[in-house]
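I am opening a notebook on one structure. The entries below record what I looked up, in the order I looked.

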Amino acid sequence: MDVRIDAERLWQRHVEMARLGGTPKGGVCRLALTDEDIKAHLLLEKWARKRGFSVALDDIGNMFIRRDGTDPDAAPVASGSHTDTQPTGGRFDGIYGVLAAFEALEAIDDAGIRTRRPLEAIVWNNEEGSRFHPGCMGSAVHAGVSTLEEMLAKTDRAGVTMGEAVKGLKAAMPDAGYRPLQSPLAAFVEAHIEQGPLLENTGNTIGIVTGMQGNRRFEVEVVGEEGHSGTTPLAGRKDAFKAAIRMARALEDHFHDPEDVLRFTIGRFDVHPGALTVVPGRVVFSIDFRHPDMEVVKRLGDGVAGVCAAHAGPCEVEVRETSGSPSVEFSGPVPEAIEASVGRRGYAAIQIYSGAGHDSRHMVHLCPSGMVFVPCEKGISHNEAENADPKDLAAGAQVIADVMLDLAERL
Ligand code: HGY
Ligand code: MN
Ligand code: MN
């Protein structure tokens, strides 16, 4: 049984999706379950129903597109990723994995192949964690790693809860079926752009992902005292901005890694009240810290509060840990099936470790899982300039189709 994906159809679907939340600089802003993201779900639903595939939603807003197999009771083989983006996101992060999965179902349908197991393309809700923290929320709740109640109560900066946002999605998709959380899956495979330069620099088309590093995220709140910038002597100030800067500098030393394996980022830094002539009374900043070795993640993560306290000066500081995930390894039938497809298709491929986080990290708790990377230009991602070659996207989708067909019969 051979199946060939349609590269042009796959590329055109990317062009159509990139219009939903498209930005003037050629990127995409499609935050989780905003109107643009719901439009992306509706477009997928339209394509799915045209094919005779069924569509279902679970309680945290994940979407399941299903092509039936001959055995309706068999757990499906699934592939997928996310439709939501960062505020200055690109045209491929997440959506490529969704469209590669959908293209695999279409190509298998075009080939008239009946699989024993059902095949599914999944859209995981809120992978980016930009509107609602934490990221990978939908896959974590579906896999039983996070609790539904806790995640539905999370709010965005406007005070909208994830529960209200999920209600909005369900209202927009009244014909969608219901999928219980932790529904059985026979296997899960995710295609994603690498979001790093290795594949491009080494001339490889496919990355067979061996694992994903662990992470810990923190929110640091520094409280001082607002004052008049023209009259308050420097000596007596409780300047929250200056204290936060001291902490940021000290954290840079704390997380210094001469081998450049560790990843430490302060992505958000809010100064309050943010007025020209007011001494800042409050600063809130974020920490995203990652490393493959969980001993390092524990040791250095545990040191954050002490480093901040040591540089608070006359201000108060509170360090809140907001999320964290352990590193994961991918092994077993999914990476093996990826290797088999790569060998059969003759793609240049290497094994690669993922610095970025993905929904597949939570799928390992439900079923055999794995990931396929394809190159992106200069490794750029979480940036409107993100770009990928249609030929590479097609190769990754071909591997997804091969893996799904292989596992639908073999598992
Ligand atoms: O942050 C991450 O690793 C993912 O791309 N959201
Ligand atoms: Mn992603
Ligand atoms: Mn991302």
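Before starting on bridge partners, I note that two strands pair if DSSP finds at least two bridges between them. I also note that this is a predicted model.

**Entry 1: strand 4**

I looked up which residue of strand 4 is the bridge partner of alanine 78, and found glutamate 120. Alanine 78 is not alone: strand 3 (residues 77–81) and strand 4 run parallel and are joined by five bridges. I then followed the chain between these two strands. From strand 3 the chain passes through helix 3 (residues 95–110) to reach strand 4, and this β-α-β crossover is right-handed.

Strand 4 also pairs with strand 2 (residues 63–67), this time in the antiparallel sense, again over five bridges. In that pairing I found methionine 63 with valine 123 of strand 4 as its bridge partner.

Is strand 4 buried or exposed? I checked its residues, 119–123, and five of the five are buried, so the strand is largely enclosed by the rest of the structure. I then sorted them by face. Leu119, Ala121 and Val123 lie on one side, Glu120 and Ile122 lie on the other, and all of them are buried. Glutamate 120, the partner of alanine 78, is therefore one of the buried residues, its relative accessible area being under 20%.

**Entry 2: strand 13**

I did the same for strand 13 (residues 282–291). Nine of its 10 residues are buried, so strand 13 too is largely enclosed by the rest of the structure.

I listed its antiparallel partners one by one.

- Strand 8 (residues 214–223) pairs with strand 13 over 10 bridges, and arginine 216 has phenylalanine 289 as its bridge partner there.
- Strand 10 (residues 263–265) is joined to strand 13 by three bridges, with threonine 265 opposite aspartate 288.
- Strand 11 pairs with strand 13 over four bridges, and valine 271 is matched with valine 283.

**Entry 3: aromatic rings**

How many aromatic pairs does the structure hold? I found nine. I looked at one of them, phenylalanine 241 with phenylalanine 269, which is edge-to-face, with 6.1 Å centre to centre and 80 degrees between the planes. Phenylalanine 241 is in helix 8 (residues 240–254) and phenylalanine 269 in strand 11 (residues 269–272), so I wrote down that they are 28 residues apart and that the pair links distant parts of the chain.

Phenylalanine 241 is partly exposed at 34% relative accessible area, and phenylalanine 269 is partly exposed at 28%. Phenylalanine 269 also pairs with phenylalanine 285; this pair is stacked, at 5.5 Å centre to centre and 15 degrees between the planes. Phenylalanine 285 sits in strand 13, 16 residues from phenylalanine 269. Phenylalanine 285 is buried, with a relative accessible area of 0%.

Elsewhere I noted a cluster of Trp47, Phe53 and Phe102, linked by ring pairs. The charged end of arginine 13 sits over the ring of tryptophan 47, 4.1 Å from its centre. In a similar entry, I put the charged end of arginine 179 over the ring of phenylalanine 64, at 4.7 Å from the ring centre.

**Entry 4: ligand 1**

Which residues surround ligand 1? I listed Glu127, Glu128, Gln195, Arg290, Ala356, Gly357 and His382. Then I looked up three distances. A nitrogen atom of the ligand is 2.8 Å from an N or O atom in the side chain of glutamate 128. An oxygen atom of the ligand is 2.7 Å from an N or O atom in the side chain of arginine 290. For histidine 382, a polar side-chain atom lies 3.2 Å from an oxygen atom of ligand 1.

Technical notes
Residues are numbered from 1 along each chain as its sequence is written. Chains are lettered from A and ligands numbered from 1 in the order in which they are written. This is a predicted model: local features need pLDDT of at least 70, side-chain atom pairs count only at pLDDT 80 or more; totals for chains, interfaces and linings use all residues. Side-chain values use heavy atoms; hydrogens and water are left out. Buried means under 20% relative accessible area, exposed over 50%, partly exposed in between (1.4 Å probe, protein chains only). A crossover is right-handed if, with the strands pointing away from the viewer, the path from the first strand over the helix to the second runs clockwise. Rings of Phe, Tyr and Trp (its six-membered ring) pair if their centres lie within 6.5 Å; planes under 30 degrees apart count as stacked, over 60 as edge-to-face and the rest as tilted. A charge sits over a ring if NZ of Lys or CZ of Arg is within 6 Å of the ring centre and within 35 degrees of the ring normal. A residue is near a molecule or strand if one of its heavy atoms lies within 4 Å of it. A polar contact is a pair of N or O atoms within 3.5 Å; within protein, one must be able to donate a hydrogen and the other to accept it, and residues adjacent in sequence count only if both atoms are side-chain atoms.
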